[in-house]
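Take a walk through this structure, starting at a loop and ending with the whole chain. Keep the 3D view open as you read.

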Amino acid sequence: NETGDASDDVLAKNFLVKFADAYTTDVTNGDGAKINVSIDSDTEATINAYELTSLNKSVSATLTIVNASEDLIATIDIPTIENASEYFKVGTDWSKTVLNPDGSKNVTVTITLIKSPITHQDATFKITFVAQASEE
């Protein structure tokens, strides 16, 4: 007979939920606004919006969150978005969701200009998600 202790270390080593390397960016307003995304870590991305000059106009980026775990289910809360600004509203189409092993889901982040700036305004936002593991 073999005996041993199960620990959270085993769970942590087998649990991998992350932003996929591939993502799409979209200019949604047609007036030259741009958006740029960089993946900073498995659970954090930076989104930059440029040239948003028209009130209530938006740009969007779609990122994919992947559960790369072999046998663990991931419950993912609504991502947090940091670096809010008085000039921009940032939102996502994400709600708390469960991803099965090898599952994925897209999250679209939309940045909208809500206050007309006197001078040009660019914006940088951090989006971070937290995932909890559970067994199948």
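Asn-56 lies in the loop that runs between β3 and β4. The model is a predicted one. Look at the backbone here. Asn-56 is not a glycine, yet its phi is positive, at about 70 degrees. Most residues other than glycine have a negative phi. Is Asn-56 buried or exposed? Its relative accessibility is 55%, and the cut-off for exposed is over 50%. Asn-56 therefore counts as exposed.

Now move along to another loop. Asp-102 sits between β8, which spans 97–99, and β9. Asp-102 also has a positive phi, about 65 degrees, without being a glycine. Its relative accessibility is 65%, so Asp-102 counts as exposed.

Next, leave the loops for a strand. Thr-128 belongs to strand β10. Is Thr-128 buried or exposed? Buried means under 20% relative accessible area. Thr-128 has 16% relative accessibility, so it counts as buried. What does Thr-128 contact, leaving aside its neighbours within four places in sequence? The partners are Thr-43, Glu-44, Pro-79 and Thr-80. With Glu-44 there is also a polar contact: the two side chains are joined at 3.4 Å.

From here, turn to the nonpolar core. The largest one holds 29 residues. Which of them have the most contacts inside it? They are Ile-47, Leu-52, Leu-63, Ile-65, Ile-76, Phe-88 and Ile-111. Several strands each give two or more residues to this core. Early in the chain these are β1 (17–26), β2 (34–41) and β3 (44–50). Then come β4 (58–67) and β5 (72–76). Further along, β9 (104–113) and β10 (123–128) contribute as well. Strand β10 is also where Thr-128 is found.

Finally, step back to the chain as a whole. How many helices and strands does the chain have? There is one helix, and there are 11 strands. Along the sequence, the pattern reads α-β-β-β-β-β-β-β-β-β-β-β. The helix comes at the start of that pattern, and the strands follow. Consider the contacts between residues at least 6 apart in sequence. Of these, 72% join residues at least 24 apart.

The surface completes the tour. Of the 136 residues in the chain, 35% count as buried. The chain exposes about 7,900 Å². Carbon and sulfur atoms supply 44% of that area.

Methods
Residues numbered from 1 in each chain as written. Predicted model: local features only at pLDDT ≥ 70, side-chain atom pairs only at ≥ 80, totals over all residues. Heavy atoms only, no water. Core = buried A, V, L, I, M, F, W, Y, C linked by side-chain atoms within 4.5 Å. Buried < 20%, exposed > 50% of the residue type's maximum accessible area, 1.4 Å probe, protein only. Helix = DSSP H or I, 4+ residues; strand = E, 2+ residues; numbered from the N terminus. Contact = heavy atoms within 4.5 Å. Areas by Shrake-Rupley, 256 points an atom, 1.4 Å probe, with all protein chains shown as cover. Polar contact = N/O pair within 3.5 Å; in protein donor to acceptor, adjacent residues only side chain to side chain.
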